[in-house]
Amino acid sequence: MTTQAKQTTRSAEIVRKHKEYLWPAVTNFYQQPLVADHASMQHVWDVEGRKYLDFFGGILTISVGHTNPKVTGRVKEQIDRLQHLSTLYPNEAIVALAEKVAQITPGALQSSFFTNSGTEANEAAVLLARMATGRYDVVGLRHAYSGSSALTKGVTAQAPWRKSGVISVGISHAISPYCYRCPLGLKYPDCEVACAQDVENLIQTGTSGAIAAFIAEPIQGVGGFITPPPEYFKIVFRAVKKYGGLFISDEVQTGFGRTGKKWFGIEHWEVTPDIMTCAKGMANGAPIGATITTKELAASFQGLTISTFGGNPVTSVAARATIELIEEEKLLENADAMGRYFRGHLEELQKKHALIGDVRGKGLMQALELVKDRATKEPAPEATAQLLERTRENGLLIGKGGLAGNVIRLSPMLNIGKADVDEAIRILDKSLSEVRV
Ligand SMILES: Cc1ncc(COP(=O)(O)O)c(C=O)c1O
């Protein structure tokens with residue numbers, strides 16, 4: 001029976017109310033939206049009782065499994081103990097999280113400011129960089145996604161996410177290290193990473209020549225898991241420093257083990273940022289944002305700041321439980337091993353299905369870019385939408401991204417095992433065969 005036919009009155013009513021009472025800009029996946037009922041570890045159930053294997057994790061946010069009892073157990077205890085009092089009163093939960101974060105961050109990034117989202121984390125990072133340097137110009141990257149506020153929409157560089165009203169004075173965008181669609185028409189490694197040189201040229205031509213910061217995602221998430229060549233960020237880092245800027249690594253998608261082996265995505269690229277921003281997977285679904293920097297930079301923040309809910313005891317406990325679980329269960333290693341295993345199978349699928357133009361990513365952050373023709377690389381957004389429908393019918397949740405909406409994003413929980421990866425590959429294979437465009 002198809003999803004359409006099986007739709008119950010309850011789910012129809014929820015979809016109707018979603019349309020009636022929420023902003024239309026807040027869209028749902030699927031022609032017939034999936035109304036979630038409950039979830040456990042790698043699985044989600046809809047209100048019709050259908051079970052799905054989740055390979056998107058609420059947009060890379062469920063890092064150690066839905067309702068993982070080792071996290072929710074501690075959250076429940078904390079709710080009964082102390083929910084909120086604000087940062088005006090220190091408490092054990094927030095300092096324990098900040099201490100834990102300081103233990104796993106690279107370099108001298110020891111000081112945290114907690115908020116509720118990636119947007120706020122990036123806002124605080126840019127604000128701090130401007131205060132610390134006394135400069136205004138910020139350089140970002142095309143294809144970036146930075147958040148939903150006015151400033152972060154200005155840092156974002158994909159038209160669908162920055163329509164009318166977005167003013168990005170003082171923010172310039174360098175070209176993205178998007179090898180599959182090289183904006184310079186070059187091929188790695190013969191290109192000698194020419195895209196990285198563009199950052200210096202942009203600073204010289206599109207800014208005052210003295211910048212507050214460069215901000216980028218180590219792998220561009222919403223942009224379609226655009227993965228730079230290994231040398232890219234090292235070259236960019238040198239240019240940023242030459243012009244006095246701070247390097248901000250937006251780890252909202254790549255942080256907390258997502259890319260395997262390392263805690264943070266930027267560590268793969270052997271660059272130590274001045275500021276890191278985190279959210280999503282950090283607390284396994286509890287709303288959190290963190291802007292982490294050195295003690296010296298943190299001390300240069302002028303005036304006061306506060307985030308009422310930022311670092312509240314319940315969220316802080318959820319984040320610490322998540323991080324400790326990643327440590328205890330050696331999930332950085334698992335994400336690396338399973339990421340490689342998954343990647344191998346995705347490349348096998350690419351050999352079989354002409355629709356897959358590119359396979360890219362790192363660890364458990366893997367993408368398939370779908371094209372109508374491998375020679376012309378014309379994006380295939382309709383086939384991508386259909387693949388989403390087919391995988392849903394076959395019991396697998398996957399994500400979508402990319403400027404043209406033609407990139408499949410795959411990001412299972414870090415504690416995923418081989419059997420589930422095999423099942424995801426089987427469903428992807430079957431579903432790819434069912435796409436008719
Ligand atoms: C890289 C990146 N930065 C920032 C954000 C904004 O995070 P939030 O939606 O929690 O505000 C996102 C959200 O998708 C993101 O992917």
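Reader: What makes the set with F214, Y232, F233, M282 and L346 a nonpolar core, and how many residues has it?

Author: In this predicted model, the largest nonpolar core has 96 residues, and those five have the most contacts inside it. The name applies because its members are buried Ala, Val, Leu, Ile, Met, Phe, Trp, Tyr or Cys residues joined through side-chain atoms within 4.5 Å, where buried means under 20% relative accessible area, exposed over 50% and partly exposed in between, with a 1.4 Å probe and protein chains only. Leaving out residues up to four places away in sequence, L346 touches V359, Q366, L368, L410, I425 and L428, a contact being heavy atoms within 4.5 Å. Another core, of 14 residues, lies apart from it and includes L128, I171, L246 and I248.

Reader: Why is F225 called buried or exposed, and what about T67?

Author: F225 has 0% relative accessibility and therefore counts as buried, whereas T67, at 46%, counts as partly exposed. F225 is in the loop between β7 (213-216) and α9 (232-242), and T67 is in the loop between α3 (57-60) and α4 (69-81); helices (H or I, at least four residues) and strands (E, at least two) are DSSP runs, numbered from the N terminus.

Reader: What is notable about phi in T67 and F225?

Author: Phi is near 45° in T67 and near 50° in F225, a positive value in a residue other than glycine in each case. Most residues other than glycine have a negative phi, and most peptide bonds are trans. The bond that joins Y188 and P189 is cis, with omega about 0°, and P189 is in the loop between β6 (171-174) and α8 (194-206).

Reader: How do you know that the ligand has polar partners, and which atom of G118 is involved?

Author: A polar contact is a pair of N or O atoms within 3.5 Å, and a polar backbone atom of G118 lies 2.9 Å from an oxygen atom of the ligand, so the pair meets that limit. An N or O atom in the side chain of D250 is 2.7 Å from a ligand nitrogen atom, while a polar side-chain atom of K280 is 3.0 Å from a ligand oxygen atom. The protein covers 85% of the 390 Å² of accessible area that the ligand has on its own (Shrake-Rupley method, 1.4 Å probe).

Reader: Which helix gives the most to the shell around the ligand?

Author: Helix α6 (residues 118-133) does, with three residues.

Reader: What should I know about the numbering and the limits of the model?

Author: Residues are numbered from 1 along each chain as its sequence is written, and side-chain values use heavy atoms, without hydrogens and water. As the model is predicted, local features need pLDDT of at least 70 and side-chain atom pairs count only at pLDDT 80 or more, while totals for chains, interfaces and linings use all residues.

Key: Polar contact = N/O pair within 3.5 Å; in protein donor to acceptor, adjacent residues only side chain to side chain.
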